Each structure stands twice: as structure tokens, then as C-alpha cells.
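Reader: I'm in my first year and still learning to read these models. Could you pick one part, take a close look at how the helices pack there, and then walk me outwards from it?

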Amino acid sequence: MKAMVLTGPDKPFELLDVPDPVPGPGEAVARVLACGAGLTIQHTRAGRSKTDYPRIIGHEIAGEIVEVGKGVSDLKIGDPVTAYYYLTCGECRWCRADRETLCDNLKGTVGRHVDGGYAEFIKLPSQNFIKLPDGLDYKNHPAEIGVITDAIATPVKVVKKARIKPGETLAVIGAGGGLGMQMIVVGTWAGARVIAVDVRAEKLDACREHGADAVIDASKANVAEALKELGRGGVDVIADFVASGETLQAGLKGLAKAGRLVVLGGTAAKTFAADIELIKPEREIMGSKYATKSEVREALDLVASGAVWPVVTEIRPLADAEALHQRVESGLVIGRAAIMVNL
């Protein structure tokens, strides 16, 4: 099969012929139609996330099962599927409680610890494939359907975790990126008034186009003061997809009483000292990462119902993966990008 292979940290992809995967017991193989190209996997491409090489990256797939291994009864040939990113044990207290992101025996992630979706076929444990619900036109929109498993599921989790209610004000820091733009879409669906924070004019324009009620150019404005002004004293919830020391401090200062600051991926500041005076008005700081399997299914159903639609602005063929990732690295992609694998 054809695959885009990483041979070392921060080295260009190589389009290679590699052996077709063969499922072992408890495994299945899917034909990949499309795979999302988000910042999470760009960290692997750039060498910021550890992996063993050679490696095929990518996890936000839309595909169809073509082969199942011994003992697999929950999948059949022809099933349309996406993939769950975490390789969980399925047995610990957290997995049993449907909180797989906290798995005590995490075996790794798809596209870092096992080969991922930048290939014509992908082999995974059967439990890592999630069937697509009826109503998703994955054949005509494989790129948009593929990214749901991360780009929509993560904001769905934020809405639940931060207890966002209709009429509340949500600020999204890093709003023009692959997750931030989807947070605007999902936050609007949840009934929030959404403020987008970013540093590029073209991204802020796109944020307005996709539902943001107001925007803040962080390259020009004092973000904390702007949040206070637009939030009429402060915003109720902030989803920070940049998570630098600067953005976290600004966000905390821009919260209203009882406001919630949700810290996601991004650059993940190693140290962040929260002023106790900023916490006293019952403000909360909470961490959030990825989504549970049930939240992925919620996200799939949400899109299938027509309530939301993923924002994917750049779709390239597999051979153009390197050029696309250079744009992701430079922060030039608005919303999500994706790779078409089997055209």
C-alpha cells in the first residue's frame, strides 16, 4: 500500500510502498478514505511528540472495514468507521466509568505508538474503531466526517465539562485554529455568546463567518481588559487552545465571578502561577484532554443530525501531506485541514 512515512523527527514525509496490514486476533483493518491533519499530529511530524520511527501518523479517519481478525464480532466488512485516538486498556476503573482519557494503563495513541491513517489502510484493535451512525455522508464528505472524532468531539467535551449554558459568554483563545474554530461552532450550538481571540485578521474574519459574536485581536489588544469589556465585567467560560503562560494569565483575569477556565493542548506552559486573589471569586481552572468514546459518539450524532458541521478549509491529496503540514506548522490553516487518501 501507499503510505506517507516519517523516518525521523522533523524530517519530511516520504511516500513509500509498505506491506498491507494483516489483522491479528482482536484487530481489524480499514480502508482509509481521508484523515485529518491537525496540530496534534503536526507535533509528531515536527519531533515535539515522541514516537518510534519509521511511523505513519494520523488518527482522524473516515474509512470502511475491509478485514477482521479472529475473535472480532463487533465489526463486519463494509462497516463505515472512524478511529478512537487513545489505545486504552478497557479494564481499569476509568475505562469502566467511560472516562477513557484517564486510563491507568494507556498503551499510547494512534499514529504515534501504532501506525495511523496517512496510508491506504490502517490496522487497529477492533475496540478503537467506532462505527459511523446513519446520516453521515462519509463517501461524499470523508474529510469533514473524519475530523469529527477529534475536532468536534473535543469541543463537545468542553461544553459538558465547563457546564456551558445558553446565554453564557464563551471566549475561545486560539479561535482560528483547527480546534478553536470548531469550538466556536459547538459553543454557538450550545447557546453561548462566543468571543474569538486570535492574532491574524483573516482568522478573525473566519471566526465571525462561523458564528463568533465578537473578536479580539490579541496582537493589538489587552486580552484581559477586552474580555472584561465584552463580557460586561468578565466572561463565563474560556477555552484556551494556546495555553501559554501569557494566555492563561490573561484568561484568568478576564473571567467573571464563578467563571471557568478550561486548559487544553496548545503549547502547554510548564509553569503557571494563579494569583489567589483571582481565584477567590469562585473561579475554576480545569484541565481537559481529547474526549471519551461516548463523547465521540455524541459528536458523530450531532453532525449526523445536522446541528453542526466541521470547518475544514484545506483538503489535499496524500502526496501533498508535506506541503500541507508546513502550512499547519506556520499557523496558516484556518479551521481544520485534511488529507484525501483513497480518492
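Author: Sure, let's start with a pair of helices. The axes of α3 and helix α9 (residues 293-304) come within 8 Å and cross at roughly 105°. Because of that angle, α3 counts as roughly perpendicular to α9.

Before going on, a word on what you're looking at. This is a predicted model, where local features need pLDDT of at least 70 and side-chain atom pairs count only at pLDDT 80 or more, while totals for chains, interfaces and linings use all residues. Residues are numbered from 1 along each chain as its sequence is written, and side-chain values use heavy atoms, leaving out hydrogens and water.

Some vocabulary, too. Helices (H or I, at least four residues) and strands (E, at least two) are DSSP runs, numbered from the N terminus. Axes are lines fitted to C-alpha atoms, for helices over the stretch in contact, and angles run from 0 to 180 degrees between N-to-C directions. Angles under 35 degrees count as roughly parallel, over 145 as roughly antiparallel, 65 to 115 as roughly perpendicular, and the rest as oblique.

So who meets whom? On the α3 side you'll find Ile 148, Thr 149, Ile 152, Ala 153, Val 156, Lys 157 and Lys 160. Their partners in α9 are Glu 295, Val 296, Glu 298, Ala 299, Leu 300, Leu 302 and Val 303, with contact meaning heavy atoms within 4.5 Å. By class, the contact of α3 with α9 has 9 nonpolar, 1 polar and 4 charged residues. Here Ala, Val, Leu, Ile, Met, Phe, Trp, Tyr, Cys and Pro count as nonpolar, Asp, Glu, Lys and Arg as charged, and the others, Gly among them, as polar.

Now look at α3 again, this time with helix α4 (residues 180-189): their axes come within 9 Å and cross at roughly 50°. That angle makes α3 oblique to α4. The crossing is right-handed; a crossing gets that name if the near helix is turned clockwise from the far one by less than a right angle, and left-handed if anticlockwise. In α3, Ala 151, Ile 152, Pro 155, Val 156, Val 158 and Val 159 meet Gln 182, Met 183 and Val 186 in α4. This contact of α3 with α4 divides into 8 nonpolar, 1 polar and no charged residues.

Let's zoom out to the core. The largest nonpolar core has 85 residues, and Tyr 118, Phe 129, Leu 170 and Ile 184 have the most contacts inside it. A nonpolar core is a set of buried Ala, Val, Leu, Ile, Met, Phe, Trp, Tyr and Cys residues joined through side-chain atoms within 4.5 Å. Buried means under 20% relative accessible area, exposed over 50%, and partly exposed in between (1.4 Å probe, protein chains only). Helix α3 (residues 142-161) gives the most to this core, with 7 residues. Leu 170, for its part, touches residues including Ile 164, Met 183, Gly 187, Val 237 and Ala 239, leaving aside those up to four places away in sequence. Apart from this core lies another, of 17 residues, among them Ile 195, Ala 226, Val 235 and Leu 252. In soluble globular proteins, nonpolar side chains tend to be buried together.

A charged residue can be buried here as well: Lys 203 has a relative accessible area of 8%, so it counts as buried. You'll find Lys 203 in helix α5 (residues 201-209). Leaving out residues up to four places away in sequence, Lys 203 touches Gly 176, Met 181, Asp 198, Gly 331, Val 333 and Ile 334.

Finally, some backbone oddities. Most residues other than glycine have a negative phi, and most peptide bonds are trans. Tyr 290 has a positive phi of about 45° although it is not a glycine. Tyr 290 sits in the loop between β13 (284-287) and α9, and at 7% relative accessibility it is buried. Ala 258, in strand β12 (residues 255-263), also isn't a glycine and has a positive phi of about 65°. At 36% relative accessibility, Ala 258 counts as partly exposed. The peptide bond from Tyr 53 to Pro 54 is cis, with omega near -5°, and Pro 54 lies in the loop between α1 (39-45) and β4 (61-68).
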